[in-house]
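Trainee: I should like to learn how helix packing and residue burial are read from a model. May we work through a case together?

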Amino acid sequence: MRTRTESTLNVIWSLLVRIVLTVALVWVVWKVRSVLITVILSAMLAYVLMPAVDLLSSRKFLSINKRTRRLVASIIVFILFFAIVGASITLFITPFRNEMDTFTSQLEIYSEQAGTKYQQISDWYDKHVPEDMRRFLGNQDFKGLGSGIAASTKRVMQSTAEWLKNIFELILIPVLAFYFVLDSRSLKREFIGLVPQWRVREFMKITRDTGMILQSYVVGQLILCIIAGVATGIVLNLIGMKYALVLAVFAGVTRAIPVIGPVASGIPICILGALQSMELGVSLLIFVIIMHFVESKFIMPILIGDRMKLHPAIILIALLIGSEFFGILGMFLAAPVAAIIRELVYLYVVKPRRQRHLAQLAADDTMTSSTIRSESM
């Protein structure tokens, strides 16, 4: 029998080993963080293109074997993908650049208009806002808030630029994605060979759930980006808003970042609308709010389903953590990574505890029933 001291020492030793292993794992992840981002982005691209490759490789053509068909299908799909991306860039680059040049040349005029609007709002503020409220607002450190937002934005952009300097990783993304699509089954078998036999089923479940989370997130976000960009462009063109293409592209790109993206794209739209007239600015604000509500409450559940069911507070925390490490790319990856971590925590922490609790309840019920029977005899 173990003494209490030995049991305590064993618990302490087990805890120390877990802490050391956790610290070592965190250190390794930190050292290879750029590689992890490259692998995750490659996997996302592979999940987007894999259905097309599977569909094309399932068709029998040229009387070639299955392996060669998948190779040909992968090459065709990747060529079409790069052709679509290149054509889209070519189609938008000239009008986009023209609108950006026009906007840059008009910056001084917009600055004067913004000053005039600010003066009008200031006059209204002095006339209509009670003195107590003005005194309270005057004591608030809004400059510090603005400086904090500016510093956070600068830090995010620096993190993004630092990762983008690794041009080798950027080149590796489509290369790795090609191999993931081409040899997905072979790679899965390689990983399964490293897993103990009694963990294979568990590993397969984790792999399947992770793949479905990444695929649903990427495809869903891509569709939402297109919807946001097209809807914004149509509405801005219908009301005759300037720089509709630039604002539409910006709305589509920023929509890839959950929660924060729609807010970030709505700010310049509302500001430029308010510079033309306050009524237009308010109307555009209502449009942005309605579009975000429809996307988040109706379209997103259909596209992504329950696999990304994360509380907005959890998403915001994940976004902040992702932005600190990887900038904009970290913010894009934060939600699916958080969802995968949630699945792992449920599988290895919550579920075992629940099973032990149910087993304890069953044991207590059995003991209670035995006690009642023995007392009744």
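**Reading helix contacts**

Mentor: Let us begin with a pair of helices in this predicted model. The axes of helix α2 (residues 33–57) and helix α3 (residues 66–105) approach within 9 Å and cross at roughly 130°.

Trainee: How is the crossing of α2 and α3, at roughly 130°, to be classed?

Mentor: An angle is called oblique if it falls outside the parallel, antiparallel and perpendicular ranges, the last of which runs from 65 to 115 degrees. α2 is therefore oblique to α3. The crossing in which α2 passes α3 is right-handed.

Trainee: Which residues make the contact between α2 and α3?

Mentor: From α2 come L45, L49, M50, A52, V53, D54, L56 and S57. They meet R69, R70, A73, S74, I76, V77, F78 and F81 of α3. Sorted by class, the residues of this contact comprise eleven nonpolar, two polar and three charged.

Trainee: At what angle do the axes of α3 and α10 cross?

Mentor: For α3 and helix α10 (residues 244–254), the angle is roughly 115°, and the axes come within 8 Å. The perpendicular class covers 65 to 115 degrees, so α3 and α10 are roughly perpendicular to each other. Here α3 passes α10 in a left-handed crossing.

Trainee: Which residues of α3 and α10 meet?

Mentor: F92, P95, F96, E99 and M100 in α3 are in contact with A244, L245, V246 and V249 in α10. This contact holds eight nonpolar residues, no polar ones and one charged residue.

Trainee: Let us turn to a single residue. Is Q215 buried, partly exposed or exposed?

Mentor: Buried requires a relative accessibility under 20%, and exposed requires over 50%. Q215, at 28%, therefore counts as partly exposed. Q215 is located in helix α9 (residues 200–238).

Trainee: Which residues does Q215 contact, leaving aside its neighbours within four places in sequence?

Mentor: Q215 touches Y47 and P51. A C-alpha distance adds to that picture: Q215 and V48 lie 167 residues apart along the chain, yet their C-alpha atoms are separated by 6.4 Å.

Trainee: Finally, how does the span of α11 compare with what should be found at 1.5 Å a residue?

Mentor: The expected span takes 1.5 Å times one less than the number of residues. Helix α11 (residues 260–276) has 17 residues and should therefore span 24 Å; its end C-alpha atoms are 26 Å apart, which agrees.

Trainee: Which residues of α11 are buried?

Mentor: The buried residues in α11 are G261, P262, S265, G266, I269, C270, L272, G273, A274 and L275.

Key. Residues are numbered from 1 along each chain as its sequence is written. This is a predicted model: local features need pLDDT of at least 70, side-chain atom pairs count only at pLDDT 80 or more; totals for chains, interfaces and linings use all residues. Side-chain values use heavy atoms; hydrogens and water are left out. Helices (H or I, at least four residues) and strands (E, at least two) are DSSP runs, numbered from the N terminus. Buried means under 20% relative accessible area, exposed over 50%, partly exposed in between (1.4 Å probe, protein chains only). Axes are lines fitted to C-alpha atoms, for helices over the stretch in contact, and angles run from 0 to 180 degrees between N-to-C directions. Angles under 35 degrees count as roughly parallel, over 145 as roughly antiparallel, 65 to 115 as roughly perpendicular and the rest as oblique. A crossing is left-handed if the near helix is turned anticlockwise from the far one by less than a right angle, and right-handed if clockwise. Contact means heavy atoms within 4.5 Å. Ala, Val, Leu, Ile, Met, Phe, Trp, Tyr, Cys and Pro count as nonpolar, Asp, Glu, Lys and Arg as charged, and the others, Gly among them, as polar.
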